[in-house]
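Good morning, colleagues. I would like to take a few minutes to go through one structure with you. Please have the sequence and the model in view as I speak.

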Amino acid sequence: MGLGGCIILIAVGAILTFATDWDMQGVNLDLVGVIFMIVGLIGVTTFSSIARRRRVVVPPTTPVADDGRHHTRDGYSDGYGV
């Protein structure tokens with residue numbers, strides 16, 4: 001489940017808990033909404049921790065050699081503009 005699915009779970013849980021007054025026999029919709037919100041929050045935290053681990057930047061192991069010259073092409077000095 002991605003981040004979007006977790007946010008949808010949180011939204012559906014909040015709607016069930018706070019915005020409805022339906023009564024179903026044998027089902028407590030307030031509790032179901034709270035469970036959806038908790039599962040959505042757990043999903044968001046695990047997704048963000050996994051995404052944070054993926055963003056680790058490893059520096060290159062080989063040094064980059066710079067010869068000091070900067071090569072620029074203006075379009076005229078290389079024979080194409082003549």
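**Two helices and a nonpolar patch**

The chain is made up of two helices and zero strands. I should state at the outset that this is a predicted model, and that every value I quote has been computed from it.

Allow me to begin with the chain as a whole. There are 82 residues, and 15% of them count as buried. The accessible surface amounts to about 7200 Å², and carbon and sulfur atoms account for 64% of that surface. Turning to contacts between residues at least 6 apart in sequence, 49% of them join residues at least 24 apart.

Now to the surface. Which residues make the nonpolar surface patch of about 490 Å²? They are Ile8, Val12, Leu31, Ile35, Phe36 and Val39. Two elements, helix H1 (3-19) and helix H2 (29-54), each give two or more residues to this patch. The greatest contribution comes from H2, which supplies four residues.

Let us look at two members of the patch individually. Ile8 is located in helix H1. Is Ile8 buried or exposed? Its relative accessible area is 56%, and the cut-off for exposed is over 50%, so Ile8 is classed as exposed. The C-alpha atom of Ile8 is separated by 9.2 Å from that of Met37, although these two residues are 29 residues apart along the chain.

The second member is Val39, which belongs to helix H2. Val39 has a relative accessible area of 39%. Because this value falls between the 20% and 50% limits, Val39 is described as partly exposed.

I turn finally to a residue with a low accessibility, Thr17, which also lies in helix H1. Why does Thr17 count as buried? Its relative accessibility is 14%, and buried means under 20%, therefore Thr17 meets that criterion.

What does the side chain of Thr17 reach? It reaches the backbone oxygen of Gly13, at 2.8 Å. Which residues does Thr17 contact once its neighbours within four places in sequence are left aside? These are Asp30, Gly33, Val34 and Met37. Met37 has thus appeared twice: in contact with Thr17, and in the C-alpha separation of 9.2 Å from Ile8.

To summarise, the predicted model has two helices, and both H1 and H2 give residues to the nonpolar patch. Within H1, we have considered Ile8, which is exposed, and Thr17, which is buried. Thank you for your attention.

How values were computed: Residues are numbered from 1 along each chain as its sequence is written. This is a predicted model: local features need pLDDT of at least 70, side-chain atom pairs count only at pLDDT 80 or more; totals for chains, interfaces and linings use all residues. Side-chain values use heavy atoms; hydrogens and water are left out. Patches are made of residues with over 30% relative accessible area and no salt bridge: like charges are joined within 9 Å, nonpolar side chains (Val, Leu, Ile, Met, Phe, Trp, Tyr) within 5 Å. Accessible areas come from the Shrake-Rupley method with a 1.4 Å probe; for residues, only the protein chains shown count as cover. A salt bridge is a side-chain nitrogen of Lys or Arg within 4 Å of a carboxyl oxygen of Asp or Glu. Buried means under 20% relative accessible area, exposed over 50%, partly exposed in between (1.4 Å probe, protein chains only). Contact means heavy atoms within 4.5 Å. A polar contact is a pair of N or O atoms within 3.5 Å; within protein, one must be able to donate a hydrogen and the other to accept it, and residues adjacent in sequence count only if both atoms are side-chain atoms.
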